[in-house]
Amino acid sequence: VPEILDKWFDRLEAVHLKDWHAEFGRSLQFYSRGFTELGTGDVDLNAVIRFLRERRYDSWLVIDINSADDPKESAGISRAWLRKHHGT
C-alpha cells in the first residue's frame with residue numbers, strides 16, 4: 001500500500017483509511033462486507049500511517065465503518081486502536 005501512496009502522493013487530497021478482511025473476496029456484491037474496524041482486518045495500517053508521517057502528510061485522513069451491528073461500539077474500537085498504536 002505505501003508504494004501506491006508514494007506513486008500518487010503529490011495528488012493526494014485525502015486518505016480514506018480502512019481495514020478489510022480478504023475472506024469476503026473482491027466481487028462487487030461481497031466486497032463491502034469485508035470492511036471492519038481498524039486493526040482487525042488484513043490491511044497493514046501501521047505501514048500506511050508510518051508512510052504518511054514520514055512524508056509529513058497534512059491533509060484529510062478519513063475513517064469510517066461501512067456497516068456494523070453497533071456503530072458506536074465499532075467506532076470506539078477503531079478509535080481505541082488509533083490511540084493505542086498512534087497516539088491520536
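**Exercise 1. Contacts of a core leucine**

Which residues does leucine 17 touch, not counting residues up to four places away in sequence?

*Solution.* The model is a predicted one.
- Step 1. Set aside residues up to four places away in sequence; leucine 17 then touches Leu38, Leu45, Val48 and Ile49, among others.
- Step 2. Add the rest of its contacts: Leu61, Val62, Ile63 and Asp64.
- Step 3. Place the residue in its core. The largest nonpolar core has 13 residues, and Leu17, Leu38, Leu52 and Trp81 touch the most other members.
- Step 4. Assign the core to elements. Strand 1, helix 3 and helix 4 each give two or more residues to this core. Helix 3 provides the largest share, 5 residues.
- Step 5. Set this against the general trend. Nonpolar side chains tend to be buried together in soluble globular proteins.

**Exercise 2. The buried side of helix 3**

List the buried residues of helix 3 and say what they pack against.

*Solution.*
- Step 1. Helix 3 spans 45-54.
- Step 2. Its buried residues are Leu45, Ala47, Val48, Ile49, Phe51 and Leu52.
- Step 3. The packing partners of these buried residues are helix 1, strand 1, strand 2, strand 4 and helix 4.
- Step 4. Check the backbone just after the helix. There, arginine 56 has a positive phi of about 55°.

**Exercise 3. Two salt bridges**

Find the salt bridges and classify each partner by accessibility.

*Solution.*
- Step 1. The count is 2 salt bridges.
- Step 2. In one, the side chains of aspartate 6 and arginine 55 meet at 2.4 Å, N to O. Aspartate 6 sits in helix 1, and arginine 55 in the loop between helix 3 and strand 4 (60-63); the two are 49 residues apart.
- Step 3. Apply the accessibility limits: buried is under 20%, exposed is over 50%. Aspartate 6 has 43% relative accessibility, so aspartate 6 is partly exposed. Arginine 55 has 35%, so arginine 55 is partly exposed too.
- Step 4. In the other bridge, aspartate 64 and lysine 18 meet through their side chains at 3.0 Å, N to O. Aspartate 64 is in the loop between strand 4 and helix 4 (71-86), and lysine 18 is in the loop between strand 1 and strand 2, so this pair ties together parts 46 residues apart in sequence.
- Step 5. Aspartate 64, at 33%, is partly exposed. Lysine 18, at 16%, is buried.

**Exercise 4. The largest pocket**

How many residues line the largest pocket, and which lie nearest its centre?

*Solution.*
- Step 1. The largest pocket holds about 310 Å³ of space.
- Step 2. Its lining has 16 residues; Val1, His16, Lys18, Val43 and Val48 lie nearest the centre.
- Step 3. Helix 1 (2-8), strand 1 (14-17), strand 2 (19-20) and helix 3 each supply at least two lining residues. Strand 1 gives the largest share, 3 residues.
- Step 4. Sort the lining by class: 11 nonpolar, 1 polar and 4 charged residues.
- Step 5. Link back to Exercise 3. Lys18, one of the residues nearest the pocket centre, is also the salt-bridge partner of aspartate 64.

**Exercise 5. Two phenylalanines**

Where does phenylalanine 24 lie, and is it buried, partly exposed or exposed?

*Solution.*
- Step 1. Phenylalanine 24 is in the loop between strand 2 and helix 2 (28-31).
- Step 2. Its relative accessible area is 30%, so phenylalanine 24 is partly exposed. Phe51, in helix 3, is buried.
- Step 3. Phenylalanine 24 and phenylalanine 51 are 27 residues apart along the chain, and 27 Å separates their C-alpha atoms.
- Step 4. Leave aside neighbours within four places in sequence. Phenylalanine 24 then contacts Phe30, Arg33 and Gly34.

Methods: Residues numbered from 1 in each chain as written. Predicted model: local features only at pLDDT ≥ 70, side-chain atom pairs only at ≥ 80, totals over all residues. Heavy atoms only, no water. 1 Å grid on protein atoms, 1.4 Å probe; cavity = no way out; pocket = protein on both sides within 12 Å on 5 of 7 lines; lining within 4 Å. Points joined across faces, edges and corners; volume = space filled by probe spheres on them. Helix = DSSP H or I, 4+ residues; strand = E, 2+ residues; numbered from the N terminus. Nonpolar A, V, L, I, M, F, W, Y, C, P; charged D, E, K, R; others polar. Salt bridge = Lys/Arg side-chain N within 4 Å of Asp/Glu carboxyl O. Buried < 20%, exposed > 50% of the residue type's maximum accessible area, 1.4 Å probe, protein only. Contact = heavy atoms within 4.5 Å. Core = buried A, V, L, I, M, F, W, Y, C linked by side-chain atoms within 4.5 Å.
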